[in-house]
Each structure stands twice: as C-alpha cells, then as structure tokens.
Amino acid sequence: MVALLNRARMTTATTGTGTVTLGTAVTGYATFAEAGAVNATKYAYCIEDGNDFEFGLGTYTASGTTFSRDTVTISKISGTAGTSKINLTGTAQIFITPRAQDLAAPTKQIFTSSGTWTKPNGCSFIKVTCIGGGGGGAGSANASASQVAYGTSGGAGSVSMSWIDATALTSETVTIGALGSKGAAGANNGTAGGQSSFGSYCVSGGGSGGVTAASGTSVVQSNGASGGTASAGDVRFSGQDGGPFIRLSGTSAMMLCNGGNGNFGAGGAPPAFNANGSAASGYGCGGSGCASSNAGGSFAGGDGAKGLVIVEEFY
C-alpha cells in the first residue's frame, strides 16, 4: 500500500504540467512536512484547480519543497475525464488522500509451474517468495551378504524473498525449479532440484541430489546432500541438508536419511531396510535415501519436490 499522511493540504503557485513546488498549508490543515512526509517517498495525491482535478501517485522531495506527479490515475479537465495532467494555473491546492485501489485488499498469484506474472491494475508493490526444487534421494545397490549398502537423501531447495516497487513493472518471467529425480534401483545417484526465479529479483537454487555408497561393514556416517543456495533476493535462506545415514556394522545402521525439509512441507521420510525411498511431500523438499542389507535387493531413492513462487500484491 502507498504511503499516506493525515490532513495534509497545501497551496501551490506552480503553473504547467510539471513537478509542483509546495507553498503553505491551507488554513486548518498541516503541511506535508508537519504531517510526517518522508523524503523520496511516494504518496497518493489529489490536485484541485478550479473545477479540474487530478488523482495520482507522486514523490515528495524535502529540499525545495517539491512533489512530482509520477502517475496520474484519473483526472477531469474542462469536463473531460482521462489520465492527463492538469495544466496548472498557479492557484491550485494539493493534498494527500487514498485512491480507491489504495484501500483494496491484497491479492496473490501462486505459481506451481513456469509462466508469466502480469501486474494487476493498480498494484504498486509486491512481495515475492521463491523456493527452489528439492533434490532426489540416491538409490542403493544390492548389498553383499552380511553387509550394508545405501544411498543418501536429497537436500531441500533454498528460499529467497524480495519486496519490490511495482509501479514501473508490467509483467515478469516466473521459473519453477523442477524436482530432483530419485536414483533408480541400484548404485544410482539422485539429481539436483531446479532453480526457481522471479526475473532477476529472486533466484533460489535447488537442493543437491543424494549419492550412492558401496556395500560394506565399516562404521561410517554419510551426510545427506546439501540444501540449495539463493543467489538473489532481499532475504535468502539456504535449504536444509538431507539427513545423515550411519552404518554401524555389516548388519545394522541408523536410518536417518530423511530428505531435507522445507517451509511448505516435509522431506521424504526414512524407509525401512530393504525398501524404496520416500518422495518429498512439500514444495522444495528433498527425497529420502534408502538402504540394502544382507543381499536384500536393490532399491530406489525418493523423488524431491518441485519449487514454488508466490507473488503477494499490494495496492
């Protein structure tokens, strides 16, 4: 929502269609400065000059003191409605007031597949959240007798958020990061999740895919795949790493190989021994790994989940 001021109304001796030089407060009203106007901030305004009026969005400059007429929402000049600027006569008054769209409730667009965001009429500000795709868990080869083989879990996609002045925007390209695919049954790695983005404002990398490990008996801890990294955005969060797998001997292990969790759900849950991995259940989460014990067979990991982009629109 654009900035507003309480009971601020001023005269102006400006003529023409350009930036207004502010004069004095109208009797019974405050100046913009007295009402708390902040330099270089956009405000919704109205200018009245005789029977003509102009509603729009402009920028206050403390030095001068001036007010630019950046965007005209509606005007009526000599009885004709449109979006033209008044040719000021030098006796106009300007005041801060909300336009109809400034009082509109926020809206949002949620993208689960790639496309184009188109700015709704009157939208002046947006908050964008991007989530990269989750990595897939790795598959496991068939373990030898009295041994354990396994595949590690996939990492979650990163998250980025940006707060964007939308007055100059009309549309923006939205890319949804693909899910990272599971490693097929056998010694097959999972693949990384894809990158999600909103133009160049928000870019969220996907989580890495899990890797397969050979059959053995030695004690070992293998960390899950790394979460993704965001490369653009006002606020950036790395994705959660996949859970570790700990082999204790040739016959036992700690099955902690859950996929990386995310803000919109959970990674794939750890399976039992000698079972396929679990797919992620939330946007941007990682798939689980899997394990084979004592010649129990070859198994597949779990798929990661695709990314997400949310655009919240303010008026």
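## Briefing: a three-strand sheet, a buried serine and salt bridges

Two bridges connect strand 22 with strand 23, and these strands run antiparallel. The model described here is predicted, and the points below move from this strand pair to a nonpolar surface patch beside it in the list of topics, then to the surroundings of Ser158, and finally to the salt bridges, of which the structure holds five.

**The sheet with strands 19, 22 and 23**

- Strands 19, 22 and 23 make up an open sheet of three strands in the order 19-22-23, and the pairing in this sheet is antiparallel.
- Strand 19, covering residues 220-222, and strand 23 are the edge strands, each of them pairing on one side only.
- Across the pair formed by strands 22 and 23, Ile246 stands opposite Met254, which belongs to strand 23.

**The nonpolar surface patch**

- Met254 also takes part in a nonpolar patch on the surface, which it forms with Leu248 and Leu256, and the accessible area of these residues together is about 240 Å².
- Leu248 is found in the loop that runs between strand 22 (245-247) and strand 23 (253-254).
- Leu248 counts as partly exposed because its relative accessibility is 41%, a value that lies between the limits of 20% for buried and 50% for exposed residues.

**Ser158 and its surroundings**

- Where in the chain does Ser158 lie? Ser158 is placed in the loop between strand 13, residues 148-151, and strand 14, residues 159-165.
- Is Ser158 buried or exposed? Ser158 counts as buried, because its relative accessibility is 0%.
- The side chain of Ser158 has a polar atom 2.9 Å from the backbone nitrogen of Gly205, and the Ser158 side chain also reaches the backbone nitrogen of Ala230, at 3.3 Å.
- When neighbours within four places in sequence are left aside, the residues in contact with Ser158 include Cys130, Ile131 and Gly132, as well as Ser204, Gly205, Gly228, Thr229 and Ala230.
- Phe237, Ser238 and Gly239 are also among the contacts of Ser158.

**Salt bridges with buried partners**

- Arg69 and Glu54 form a salt bridge in which the closest N and O atoms are 2.7 Å apart.
- This pair links distant parts of the chain, since Arg69 belongs to strand 6 (residues 66-77) and Glu54 to strand 5 (residues 52-61), with their positions 15 residues apart in the numbering.
- Arg69 is buried because its relative accessible area is 3%, and Glu54 likewise counts as buried, with a relative accessibility of 0%.
- Arg99 and Asp102 meet through their side chains in a salt bridge, with an N to O distance of 2.9 Å.
- Arg99 is buried, having a relative accessible area of 7%, and Asp102 counts as buried because its relative accessibility is 1%.

**A salt bridge with partly exposed partners**

- Lys127 and Glu312 also meet through their side chains in a salt bridge, with an N to O distance of 3.9 Å.
- This pair links distant parts of the chain, as Lys127 is in strand 12 (residues 125-131) and Glu312 is in strand 25 (residues 308-314), the two being 185 residues apart.
- What relative accessible area does Lys127 have? The value for Lys127 is 21%, and Lys127 is therefore partly exposed.
- Glu312, at 24% relative accessibility, counts as partly exposed too.

Technical notes. Residues numbered from 1 in each chain as written. Predicted model: local features only at pLDDT ≥ 70, side-chain atom pairs only at ≥ 80, totals over all residues. Heavy atoms only, no water. Patch = residues over 30% accessible without salt bridge, like charges linked within 9 Å, V, L, I, M, F, W, Y side chains within 5 Å. Areas by Shrake-Rupley, 256 points an atom, 1.4 Å probe, with all protein chains shown as cover. Salt bridge = Lys/Arg side-chain N within 4 Å of Asp/Glu carboxyl O. Helix = DSSP H or I, 4+ residues; strand = E, 2+ residues; numbered from the N terminus. Buried < 20%, exposed > 50% of the residue type's maximum accessible area, 1.4 Å probe, protein only. Pairing = 2+ DSSP bridges. Polar contact = N/O pair within 3.5 Å; in protein donor to acceptor, adjacent residues only side chain to side chain. Contact = heavy atoms within 4.5 Å.
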